[in-house]
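Got your viewer open? Please load the model below and keep the selection tool handy.

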Amino acid sequence: MPALLANTELLRKLLVGFVRDEVRKVGVNKVVLGLSGGIDSALVAFIAAEALGPENVHAICMPYKTSNPESEAHARLVATACGINFSVIPITAMVDAYFEMFPDANNMRRGNKMARERMTILFDHSALLGALVLGTSNKTELLLGYGTLYGDMASALNPIGDIYKSQVWQLSAEMGVPTEVIEKQPSADLWAGQTDEEELGFTYRQADELLYRMVDQRWTKPELIAAGFDTEFVAAIHSKIQNSHFKRRLPVIAKVSNRTIDRDFRYARDWGK
Amino acid sequence: MDFTAVLAQIKPKLGCIADNLAVIEREIVKAREAGADLVVFPELALSGYFLKDLVPDVALRIDSPEIFRLVELSKGISIAIGFVEETDDYHFFNSALYLEDGAIRHLHRKVYLPTYGLFDEQRYLAHGESFRAFDTKFGRFGLLICEDMWHLSASYILAMDGATTLICLSSSPARGIEGDALGSASAWQKLTSTTALFLNCRVLYSNRVGFEDGVNFWGGSEYVAPSGESVVRGALLEEDFVTARVDEGALRRERIFSPMMRDENLFVTMQELGRIALERGR
């Protein structure tokens, strides 16, 4: 099965242009993003630095006490490599203060809380710096629902939400993201030793090859199976997409008027821009 | 006759008629000062593309001051431009005007409104019902708006109506990053080249740039000679001012080398299409 490929030169031009145009048209010249030490936020930092100049990009690393120290080191490495502003704001105090009230909370609740704590810090810095928050969720995560709603999924603009993890790897290499960051195991780093692929039960490359055909090319289930994809894997990915769809939509509004927001009151967000 | 056309590859602001008109006027003056005879703007150059519920707010009547201003400007240079047209019976069309010597030479209303994938035009707009060639100072022209050109019959009708120059106004979104070139750009380049080649016509293609809600319009405006060869092509993804020197001799020579349009059998085509229409009705 051929690997999912992207024309990285073209993709780089499109994504850099996207950040430059969509940020500046709202009368802003700065962006802020969370830098985890992982590849997705590293790539977004490189794209933003090229689009707006590194002096206009503010990266914040927000570790929790259980975060792998290597993550912060990698975040710092990325910030240095692309020359952007960098600060560290630990979230341990806020998260622990909350869970003192709920000591039995499981990993999922704790992970979601951490993601949402980081979101509030980024949006507070958005106001502080006059900067838009850049999202760092890729298409694979968004389709699988592998992210926290109103947490890491929250942003003003997302440059990489239409490219798969496999393409994130390719573009990162093209743009000069440090090799250590490209080559390490993807991890949400919510607890020690966590890796995405172990938690998901399949590799990103396997998922991407299937998602690309299923979503982008609209292959039917029989076509996917005939091409060699495992029947259960196809069903599992399909149900992940379906069950996480609520995360990709605005909250559902009860319709009572003639013009309901987003149903029959329809405007582009770039209205007047 | 030989003439010089400018393809004004601009970046309209969504829903901002006054701002866009200012940019358009500036480009018209620039083209005139550069000695051009014709300036071609993209589809919906006055309003932007993903208008949705803004359609009635940005629509202009043919007798509006904005259109009158453009008609006035056409005393110095011919102009082809796209906008949302509002009619007396309050229908809204994705329209294009050809203006020359202070008069409206032709109005084309987009016939094929794409309503699939990322497009939603039929929800907001009424569709046009004709393709007509018209005479200009530079020969007989035909106007097409973006999706119109993807229907073979549209270009065919215009060519059979005597058009030797097809002007296509476009707002084509960039998509397809897997190949050597941008997917939508290579598809369009095949289309304009093949259309020119089949119909022994020139194609002047004007496509916008800029982003609307994350969708990037790719530009690449071009002049394709009747041989199908791309003579000049604008920048990809960036604003541009593309100057095309259109050579009458090239059209004449191509029509001598490949007289397909001369030999095209209108009678056979009409007979067979008539039969198909009857049989479909059964």
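Here is a tour of this predicted model, one selection at a time.

**Stop 1: the cores**

Start in chain A by selecting A:Val31, A:Leu43, A:Ala45 and A:Ala48. These residues have the most contacts inside the largest nonpolar core, which has 77 residues. Now highlight residues 39-52 of chain A, which form helix α2. This helix gives the most to that core, with 11 residues.

Next, hop over to chain B and select B:Ile24, B:Ile81, B:Phe131 and B:Ala196. They belong to a second, separate core, and this one has 71 residues.

**Stop 2: around A:Leu43**

Go back to A:Leu43 and show what surrounds it. Which residues does A:Leu43 touch, leaving out those up to four places away in sequence? You should find A:Ile160, A:Val168, A:Leu171, A:Ser172, A:Met175 and A:Val177.

Several of those names come back in a moment. Select residues 165-175 of chain A, helix α7, together with α2(A): their axes come within 10 Å and cross at roughly 45 degrees. That makes the two helices, α2(A) and α7(A), oblique to each other. The handedness of this crossing is left-handed.

Now show the side chains. On the α2(A) side, pick A:Ile39, A:Asp40, A:Ala42, A:Leu43 and A:Phe46; on the α7(A) side, pick A:Val168, A:Trp169, A:Leu171, A:Ser172 and A:Met175. Colour them by type and you get eight nonpolar, one polar and one charged.

**Stop 3: another helix pair**

Stay in chain A and select helix α4 (residues 92-99) and helix α5 (residues 107-129). Their axes also come within 10 Å, crossing at roughly 135 degrees. How do α4(A) and α5(A) lie, then? They are oblique to each other, because an angle counts as roughly antiparallel if it is over 145 degrees. Here the crossing is right-handed.

To see who meets whom, select A:Met94, A:Val95, A:Tyr98 and A:Phe99 from α4(A), then A:Arg110, A:Lys113, A:Met114 and A:Glu117 from α5(A). Colour this contact by type too: five residues are nonpolar, none is polar and three are charged.

**Stop 4: helix α10 and what comes after**

Move along to residues 204-216 of chain A, helix α10. Which of its residues are buried? Select A:Tyr204, A:Ala207, A:Asp208, A:Glu209, A:Leu210, A:Leu211, A:Tyr212 and A:Met214, and you have them. What covers them includes α6 (139-144), α7, α9 (196-200), α11 (221-226) and α12 (231-243) of chain A.

Just after α10(A), click on A:Arg218. This residue lies in the loop between α10 and α11 of chain A. Its phi is near 55 degrees, a positive value in a residue other than glycine. Why is that worth a click? Most residues other than glycine have a negative phi. Is A:Arg218 buried or exposed? A:Arg218 counts as exposed because 8 C-beta neighbours sit inside 10 Å.

**Stop 5: a loop in chain B**

Chain B has a positive phi to look at as well. Select B:Asp213, which is not a glycine but has a positive phi of about 45 degrees. You'll find B:Asp213 in the loop between β10 (209-212) and β11 (215-218) of chain B. B:Asp213 has 14 other C-beta atoms within 10 Å, so this residue is partly exposed.

**Last stop: where the chains meet**

Finally, show both chains. The contact takes 20 residues from chain A and 21 residues from chain B. On the side of chain A that touches chain B, colouring by type gives 10 nonpolar, three polar and seven charged residues.

Key:
Residues are numbered from 1 along each chain as its sequence is written. Chains are lettered from A and ligands numbered from 1 in the order in which they are written. This is a predicted model: local features need pLDDT of at least 70, side-chain atom pairs count only at pLDDT 80 or more; totals for chains, interfaces and linings use all residues. A nonpolar core is a set of buried Ala, Val, Leu, Ile, Met, Phe, Trp, Tyr and Cys residues joined through C-beta atoms within 7 Å. A residue is buried if 20 or more other C-beta atoms lie within 10 Å of its own, exposed if 12 or fewer, and partly exposed in between; C-beta atoms are placed from the backbone. Helices (H or I, at least four residues) and strands (E, at least two) are DSSP runs, numbered from the N terminus. Two residues are in contact if their C-beta atoms, placed from the backbone, lie within 7 Å. Axes are lines fitted to C-alpha atoms, for helices over the stretch in contact, and angles run from 0 to 180 degrees between N-to-C directions. Angles under 35 degrees count as roughly parallel, over 145 as roughly antiparallel, 65 to 115 as roughly perpendicular and the rest as oblique. A crossing is left-handed if the near helix is turned anticlockwise from the far one by less than a right angle, and right-handed if clockwise. Ala, Val, Leu, Ile, Met, Phe, Trp, Tyr, Cys and Pro count as nonpolar, Asp, Glu, Lys and Arg as charged, and the others, Gly among them, as polar.
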